[in-house]
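Hi,

Here's the model I promised to pass on to you. Have it open while you read, and my notes on what turned up in it follow below.

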Amino acid sequence: MSVDSDSYVYDVPPEPAIDRLIRWHEGRAGVDGRLALSLEAEGLDVAATANRQRATAHRQTAQCLKALRERHCVPPGSEFRGHLQSTPRPKARVRAPP
């Protein structure tokens with residue numbers, strides 16, 4: 001059974017919403033990572049491992065959201081390409097003293 005890639009249509013959230021989600025997931029990854037370090041220092045290895053896994057999942061989610069933002073939120077044609085076009089230069093003139 002073949003599934004056409006265009007058969008699923010999703011509404012992409014606006015860019016500010018994606019930015020908020022990225023910041024939230026990055027913040028949660030930092031909090032969970034620091035909590036894992038402190039739990040590990042107290043000898044609670046099982047809880048530290050769980051928080052480290054949660055931090056990794058939040059970092060991966062933030063990376064996926066960044067990829068989504070790059071792919072869907074940048075308007076096409078926004079890349080500057082004017083520097084690739086040659087422009088005619090005026091011919092040099094020699095100025096003679098008066």
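Let's start with histidine 25, which sits in helix H1, the stretch covering residues 15-41. Keep in mind that this is a predicted model. Is histidine 25 buried or exposed? With a relative accessible area of 12%, histidine 25 is buried, because anything under 20% gets that label. Its side chain makes a polar contact, at 3.0 Å, with the side chain of histidine 58. If you skip residues up to four places away in sequence, histidine 25 touches His58, Thr61, Ala62 and Leu65.

That brings us to the other helix. H2 runs over residues 45-72, so to speak the partner in this story. Helix H2 has 28 residues and reaches 40 Å from first C-alpha to last, close to the 40 Å expected at 1.5 Å a residue. Its buried residues are Ala48, Asn51, Ala55, His58, Ala62 and Leu65, and they pack against H1.

Two more residues of H1 are good to look at from the inside. Isoleucine 22 lies in helix H1 and counts as buried, at 5% relative accessibility. Leaving out neighbours within four places in sequence, isoleucine 22 is in contact with Ala62, Leu65, Lys66 and Arg69. Isoleucine 22 and arginine 59 are 37 residues apart along the chain, yet their C-alpha atoms are separated by 9.0 Å. Aspartate 32 is in helix H1 too, and at 2% relative accessibility it counts as buried. Again setting aside neighbours within four places in sequence, aspartate 32 is in contact with Asn51, Arg54, Ala55 and His58.

For contrast, try arginine 34, also found in helix H1. This arginine 34 is exposed, with a relative accessible area of 55%. From arginine 34 to alanine 55 you count 21 residues in sequence and 9.2 Å in space, C-alpha to C-alpha.

Now for the charged pairs. Side chains of opposite charge can pair when their charged atoms come close. How many salt bridges does the structure hold? There are 5 salt bridges. Here are some to find on screen:

- Aspartate 19 and arginine 69 meet through their side chains at 2.6 Å, N to O. This pair links distant parts of the chain, with aspartate 19 in helix H1 and arginine 69 in helix H2, 50 residues apart. Aspartate 19 is partly exposed at 21% relative accessibility, and arginine 69 is partly exposed at 24%.
- Arginine 28 and aspartate 32 form a salt bridge at 3.3 Å, N to O. Being 4 residues apart in helix H1, they are separated by about one helical turn. Arginine 28 is partly exposed, at 30% relative accessibility.
- Arginine 52 pairs with glutamate 40, and their closest N and O atoms are 3.4 Å apart. Arginine 52 lies in helix H2 and glutamate 40 in helix H1, so the pair ties together parts that are 12 residues apart in sequence.

You can also look for a network of salt bridges that links Arg28, Asp32 and Arg54.

Finally, the whole chain. It has 2 helices and 0 strands. Of its 98 residues, 16% are buried. Among contacts with a separation of 6 or more, 65% are between residues 24 or more positions apart. The accessible surface comes to about 8,700 Å², and 56% of that belongs to carbon and sulfur atoms.

Cheers

Terms used
Residues are numbered from 1 along each chain as its sequence is written. This is a predicted model: local features need pLDDT of at least 70, side-chain atom pairs count only at pLDDT 80 or more; totals for chains, interfaces and linings use all residues. Side-chain values use heavy atoms; hydrogens and water are left out. Buried means under 20% relative accessible area, exposed over 50%, partly exposed in between (1.4 Å probe, protein chains only). A polar contact is a pair of N or O atoms within 3.5 Å; within protein, one must be able to donate a hydrogen and the other to accept it, and residues adjacent in sequence count only if both atoms are side-chain atoms. Contact means heavy atoms within 4.5 Å. The expected span of a helix is 1.5 Å times one less than its number of residues. Accessible areas come from the Shrake-Rupley method with a 1.4 Å probe; for residues, only the protein chains shown count as cover. A salt bridge is a side-chain nitrogen of Lys or Arg within 4 Å of a carboxyl oxygen of Asp or Glu.
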